[in-house]
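Hello,

Please find the structure below. My notes on it follow.

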Amino acid sequence: MSLKIATWNINSVRLRKPIVLRYLKSHGPDVLCLQETKCRDSEFPSSDLRAAGYQYLAINGQKGYHGVAIASRMPLADIDKHEFCNMGDARHISAKVIAGQREITVHNFYVPAGGDIADRELNPKFGHKLDFLDEMAEWMTAEKLAHRPSVLVGDLNIAPLEHDVWSHKALLKVVSHTPIEVERLKKVFEAGPWVDALRTKIPEDEKLYTWWSYRSADWESANKGRRLDHVWLSADLKSALADLDILKDARGWERPSDHVPVMISLND
DNA sequence: ATGGTTGCTTGGCAA
């Protein structure tokens, strides 16, 4: 039996409830990690998800902004929320998935977008993004994630590689692909036991996107995407990675998110 | 170079 773990920045879980349920039905992830749920825990569509077979929920929401959640068919234990940058933002939740004999810790992140200007003096939101990443690297070291099978997923709001964006040259100064952010993210990655799951299956010289802006009349033909959503596996899980599914079709669904679901399958 | 769209809410941020 394989274990399927998906991540999706949903940009309002209440508005997107129909397509979340559609995705669960059509693709059947065992675990779905959501970002940008944009609602309080009491407003989260818990009963709909439970009715769809996802009985185990871990929710870290807040009114109007951010918010992350894990919906699982398998029991969740050790649910934890870490607050970064002491700002009260709901940007992380983790849980241990009990999948039969296997136990895998899943960390679900929503990294700050960072505003429009790639300069922390002119734009505090960019500073916050860099500080968040620095704190994430420190936290990573302290967590000692190498000691147990772990998966880190989420909207990291950075497209690190040249072919994670439609034009490396055009985006070098655009927040999400600047060298300073890429460098910070690399430090986070290297602070843990990680393998970049998507890039182990899809070569680095191949274009790969998980997000297409709303601000484009025809996202599909323009295809100016970015890989902002990531799945990192602790090295011990690398050999278990059987399959990937980046559901580009979901960008064309009715009332879509600007991100698409990304799913991995792990063999025993 | 600029503006383009969407969501949470109804004015203006945030993404």
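**Contacts with DNA strand B**

Lysine 125 places a polar side-chain atom 3.2 Å from a phosphate oxygen of DNA strand B. Please keep in mind that this is a predicted model. Two further polar contacts with the strand are worth listing. In the side chain of arginine 255, an N or O atom is 2.8 Å from a phosphate oxygen of DNA strand B. Tyrosine 214 uses a polar backbone atom instead, which lies 3.0 Å from a sugar or linking oxygen of DNA strand B.

In total, 17 residues surround DNA strand B, and the closest are Ser12, Arg16, Tyr214, Arg215 and Arg255. Of the atoms of DNA strand B that come within 4 Å of the protein, 67% belong to sugar and phosphate. The surface near the strand divides by class into 8 charged, 5 nonpolar and 4 polar residues.

**Salt bridges**

Side chains of opposite charge can pair when their charged atoms come close. The structure holds 18 salt bridges, and I looked at three of them.

Arginine 14 and glutamate 43 form a salt bridge in which the closest N and O atoms are 3.7 Å apart. Because arginine 14 sits in the loop between strand 1 (3-9) and helix 1 (17-27), and glutamate 43 in the loop between strand 2 (31-35) and helix 2 (46-51), the pair ties together parts that are 29 residues apart in sequence. Arginine 14 is partly exposed, at a relative accessible area of 45%, and glutamate 43 is partly exposed as well, at 26%.

Aspartate 131 is paired with arginine 120, with 2.9 Å between the closest N and O atoms. This salt bridge links distant parts of the chain, 11 residues apart: aspartate 131 is in helix 3 (residues 124-143), while arginine 120 is in the loop between strand 7 (102-110) and helix 3. Aspartate 131 counts as partly exposed at 33% relative accessibility, and arginine 120 is partly exposed with a relative accessible area of 35%.

Aspartate 196 and arginine 227 meet through their side chains in a salt bridge of 3.0 Å, N to O. Aspartate 196 belongs to strand 9 (residues 194-196) and arginine 227 to the loop between strand 11 (225-226) and strand 12 (229-234), so that distant parts of the chain, 31 residues apart, are linked. Both aspartate 196 and arginine 227 are buried. A network of salt bridges links them with Asp164 and Arg199.

**Pockets**

The largest pocket has about 1,100 Å³ of space. Its lining consists of 37 residues, and Ala113, Asp116, Asn157, Trp211 and Arg215 lie nearest the centre. Helix 3, strand 10 (211-212) and helix 7 (219-222) each supply at least two residues of this lining. By class, the lining has 15 nonpolar, 11 polar and 11 charged residues.

The second largest pocket has about 260 Å³ of space. Among the residues lining this pocket are Asp196 and Arg199, which also belong to the salt-bridge network described above. Helix 5 (179-190) and strand 12 each give two or more residues to the lining, and helix 5 gives the most, with 5 residues. The lining divides into 6 nonpolar, 1 polar and 5 charged residues.

**Serine 167**

Serine 167 is in the loop between strand 8 (150-155) and helix 4 (168-171). With a relative accessible area of 19%, serine 167 is buried. The side chain of serine 167 reaches the backbone nitrogen of alanine 170 at 3.0 Å.

Regards

Conventions:
Residues are numbered from 1 along each chain as its sequence is written. Chains are lettered from A and ligands numbered from 1 in the order in which they are written. This is a predicted model: local features need pLDDT of at least 70, side-chain atom pairs count only at pLDDT 80 or more; totals for chains, interfaces and linings use all residues. Side-chain values use heavy atoms; hydrogens and water are left out. A salt bridge is a side-chain nitrogen of Lys or Arg within 4 Å of a carboxyl oxygen of Asp or Glu. Helices (H or I, at least four residues) and strands (E, at least two) are DSSP runs, numbered from the N terminus. Buried means under 20% relative accessible area, exposed over 50%, partly exposed in between (1.4 Å probe, protein chains only). A residue is near a molecule or strand if one of its heavy atoms lies within 4 Å of it. A polar contact is a pair of N or O atoms within 3.5 Å; within protein, one must be able to donate a hydrogen and the other to accept it, and residues adjacent in sequence count only if both atoms are side-chain atoms. Ala, Val, Leu, Ile, Met, Phe, Trp, Tyr, Cys and Pro count as nonpolar, Asp, Glu, Lys and Arg as charged, and the others, Gly among them, as polar. On a 1 Å grid over the protein atoms alone, a cavity is a set of points where a 1.4 Å probe fits but cannot get out, and a pocket is an open set with protein on both sides within 12 Å along at least five of seven lines; lining residues have an atom within 4 Å of a point. Grid points are joined across faces, edges and corners, and a volume is the space filled by probe spheres set on the points.
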